[in-house]
Amino acid sequence: MTDTKTLWDELDNLAKILPPLSTLFKADPERATHMSFRVGRLYADFSKQRINPTVQNTLLKLAEACELEDWRAKFFSGEKINTTENRAVLHPALRGTGGDKDVQKQVSDMRARTRVFADKIRNDGHYKTIVHIGIGGSDLGPRLVADALAAQTKPALALRFAENVDGASINDALDGLDPKTTLVVSVSKSFTTQETRMNTQAARDWLGEHAGTNIITVTANRAGAEDFGVSPDQIFDFWDWVGGRYSLWSAVSISLQIAYGPDVFDQLLAGAAEMDAHFKDAPLEKNLPVMLAMTGIWNCNVLGYPSQAVIAYARRLRKFSSFLQQLEMESNGKGVTRSGQPAGVTCPIVWGDEGTNSQHAFFQHLHQGTQGAPIDFIAVLNSAEGRPDHHSALLANCFAQSEALMVGKSEAKVREELNASGMDAEAIDLIAPHKTFPGNRPSTTILLDRLDAHALGNLIALYEHKAFVQSVIWDINAFDQWGVELGKVLASQILSELETDASLDAHDSSTATLIRLARRAAKS
Ligand code: F6P
């Protein structure tokens, strides 16, 4: 097998001689067919990526040389691949893929318990609103799914979220609600997270006499929740082998199960399980998560793009880029390899927003800026919004953007058009460079048949596996997040300094001045 260094060199050389996308399409008119995947309810078209068959083969060889198949087997078999925390990574077991008998029993018992609880709340009709409190992985997944499914399924209860420690978050979530008919769902894997503890305490105070009955918690730290005063029968557990950013498949989503029903939640799990089976069994060259991941590796490590944009042409997926920011950047924003050596270039900045809004905000930069960014366009074929004219316009914009980015517009063509319009030569010289589009800007388009729970499960699991594959290529641990700790420690120290007159000598002059200004403001 060729070693990885040689393969990286080969990729660098291939990048130097790669023809532009327009030439690749001319060379292979069936390129879209050759470079598209259909898995479950997703269609993914990679033909607008700056990749040809030689590049694709070399990327696959790199994946093999990085022992991706072994890592994939270790992952699904429950080996402790999160070595810095000595933990297995078994979120697929939450949707029925992998895990030993004990794990499977824990999962099925908890699914049965959450189902009974969700059905009870739905059927007795006492509660009108759920306030879901949590942050990061205890918020982003449930929030994404809550938004995404709203057109397909009418929620049985209103669902609100509070995540930020800024008092505005819990204030807005509780505003206008009746404590008697509000169920507070407090979610924290660690149950030590400052934001969630403070928001839960605020909600508990607000609930008053109903606090004993109207709060449930979901946590992997039962003892911590009990210490906080939650009664044991109101605690729903999950386990240390579920990473926070991979936890939406667990009781963490109990709010969704109540609002949308356990059956809809099961469809979400089934969609994810379908992607698990594909990722686990499909050969690398036919494997959609592998293709998505290796295309990202090519764009980031070889073509040198520093970021990856994700634009959902679906308002109800507008939280998808935020969800992916945690999934990809908390997983792969690492600076050292598994063995602690300096890593090469890892995870690009993931960013994005909804289309068409972003066309009127930052697409100028994508079309003519000097850096550009590869884009994942995500759209839904069959809309549930009941406005076919709007939906056609939405899709037309999505498809037009990827085409425009790829095709561009040469200066010669601009000049020809201006000339034909009767503009004089001097004016053409001035304006032509501004109206030129370089083109050759890469994108992938992913289409969901419809925005239902199953397709959403397909989509989210696709990106989970993409992040894992990339971590294997970069030789990093995707499942820890030590980088979030330092700021937390300093924040707790500064919090005590804000509330006292303690000396600030240990701080730099910038931080000390900021603290003094805040102290003064608090006293005024
Ligand atoms: O600070 C980062 C983080 O630990 C994430 O990994 C996690 O999803 C989030 O905080 C919330 O943590 P918890 O669920 O333990 O409250």
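Select Leu7, Leu11 and Leu14 in helix α1: these residues are buried (under 20% relative accessible area with a 1.4 Å probe, protein chains only). Viewed down the axis of α1, the buried residues fall within an arc of 65 degrees, taken from the directions from the helix axis to the C-beta atoms, so they line one face of the helix. An α-helix has 3.6 residues a turn, so residues three or four places apart point the same way.

This is a predicted model, in which local features need pLDDT of at least 70, side-chain atom pairs count only at pLDDT 80 or more, and totals for chains, interfaces and linings use all residues. Residues are numbered from 1 along each chain as its sequence is written, and side-chain values use heavy atoms, without hydrogens and water.

Next, turn to the other side of α1, where Lys5, Lys16 and Ile17 are exposed (over 50% relative accessible area). Then show α4 (53–65) and α13 (288–302), which are among the elements that cover the buried residues of α1.

Go to the start of α1 and select Asp3 and Lys5. A side-chain oxygen of Asp3 comes to within 3.2 Å of the backbone nitrogen of Lys5.

Now zoom out to the whole protein chain, which has 21 helices (DSSP runs of H or I, at least four residues) and 11 strands (runs of E, at least two). Its radius of gyration over C-alpha atoms is 25 Å, close to the 24 Å from the globule rule (2.2 Å times the number of residues to the power 0.38) for 524 residues, so the chain is as compact as a globular protein of that length. Buried residues make up 50% of the 524 residues.

Methods: Contact means heavy atoms within 4.5 Å. A polar contact is a pair of N or O atoms within 3.5 Å; within protein, one must be able to donate a hydrogen and the other to accept it, and residues adjacent in sequence count only if both atoms are side-chain atoms.
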